[in-house]
Amino acid sequence: MDTKKIGEDLHEHVPANWYFESLKKDPFQKLWHSTRFREVKKVSTDAEVVLDVGCADGVFSKVILKATKAKKLTGLDVVKTSIAWAKKHWKNEKSMKFMVGDAHTLPFSNNTFDAVFCLEALEHVADPIKALSEFKRVMKKGGYGVFLVPSDNNLFKLVWWLWLHFYPRGWVWRETHIQTYRGNYLPVACKKVGFKVEIDRKFNLGMLHLVKVKK
């Protein structure tokens, strides 16, 4: 199974700088993501070398960089156009670099990163257990991970359906969610690969599920 191609194909209609433009122009997106930023900052602690998997255009990577006070952050995504945009837009931010890559086969050595972030990307991967195992492999002993997914509760499912079918720009995300974390599956999956779950909480009316783990 070519998981990298699956990821590319899923996002073929999503603009390269979706988040950058959305936060400038879209009040709903700004509200949604500002809440994400606030919750992720609460659980982020200092980390020198950080990986952001599913970084898209790098907007969230910048938030993570500030929250962790990282000396070096690597953003990785399967979408080539988003990585090309991020490299150009953030070229003067010397602490960040961006590269094309697949969450299922991370191109890094074991025990490389102090922290691994994956924010609303695990619902887009073909094999969550394999991706989480890769996060654990490249994380240093004693390092931490912050993972965020839609909870797929009934409210989220309704909002997501309305977004996909009636919101002017929402259609580009149709068929991109290929995994569900309904029923608190995220912490279960994290424990299955050997992580210790330290924080397990939901926010945005229970629509988003955040887990902080330790290796």
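Here is a chat between a student and an analyst about this predicted model.

User: Why is Asn17 called buried or exposed, whichever it is?

Analyst: Asn17 has a relative accessibility of 17%. The cut-off for buried is under 20%, so Asn17 counts as buried. You'll find Asn17 in the loop between α1 (3-10) and α2 (18-25).

User: What makes a residue a contact of Asn17, and which ones are there once we leave aside its neighbours within four places in sequence?

Analyst: A contact needs heavy atoms within 4.5 Å. With those neighbours set aside, Asn17 is in contact with Asp57 and Trp85.

User: How do you know whether the radius of gyration of the chain agrees with that of a compact globule?

Analyst: You set two values side by side. For 215 residues, a compact globule would have a radius of gyration near 17 Å. The chain has 16 Å, so the two agree. If you'd like the spans too, the C-alpha trace covers about 45 × 40 × 35 Å along its principal axes.

User: What share of the chain counts as buried?

Analyst: With the cut-off at under 20% relative accessible area, 53% of the 215 residues count as buried. As for the outside, the chain exposes about 10,300 Å², and carbon and sulfur atoms supply 55% of that.

User: What makes you say that strand β7 is mostly covered?

Analyst: Just look at its residues. Strand β7 spans residues 208-214, and six of its seven residues are buried.

User: How do you know that β5 and β7 pair?

Analyst: Two strands pair if there are at least two bridges between them. Strand β5 (residues 139-150) has seven bridges to β7, and these strands run antiparallel. With at least two needed, the seven bridges between β5 and β7 pass the test. To spot one of them, find Pro150, whose bridge partner in β7 is Leu208.

User: And how do you know that β6 pairs with β7?

Analyst: Try the cut-off of at least two bridges again. Strand β6 (residues 196-203) and β7 have seven bridges, in the antiparallel sense. Among the partners, Asp200 is bridged to Val211 in β7. What's more, β6 and β7 form a hairpin with four residues between them. In that turn, Asn204 has a positive phi of about 55 degrees.

User: How many helices and strands are there in the chain?

Analyst: There are eight helices and seven strands.

User: What share of the chain's contacts joins residues at least 24 apart?

Analyst: Take the contacts between residues at least 6 apart in sequence: 71% of them join residues at least 24 apart.

Note on methods
Residues are numbered from 1 along each chain as its sequence is written. This is a predicted model: local features need pLDDT of at least 70, side-chain atom pairs count only at pLDDT 80 or more; totals for chains, interfaces and linings use all residues. Side-chain values use heavy atoms; hydrogens and water are left out. Helices (H or I, at least four residues) and strands (E, at least two) are DSSP runs, numbered from the N terminus. The radius of gyration is taken over C-alpha atoms; the globule rule is 2.2 Å times the number of residues to the power 0.38. Buried means under 20% relative accessible area, exposed over 50%, partly exposed in between (1.4 Å probe, protein chains only). Accessible areas come from the Shrake-Rupley method with a 1.4 Å probe; for residues, only the protein chains shown count as cover.
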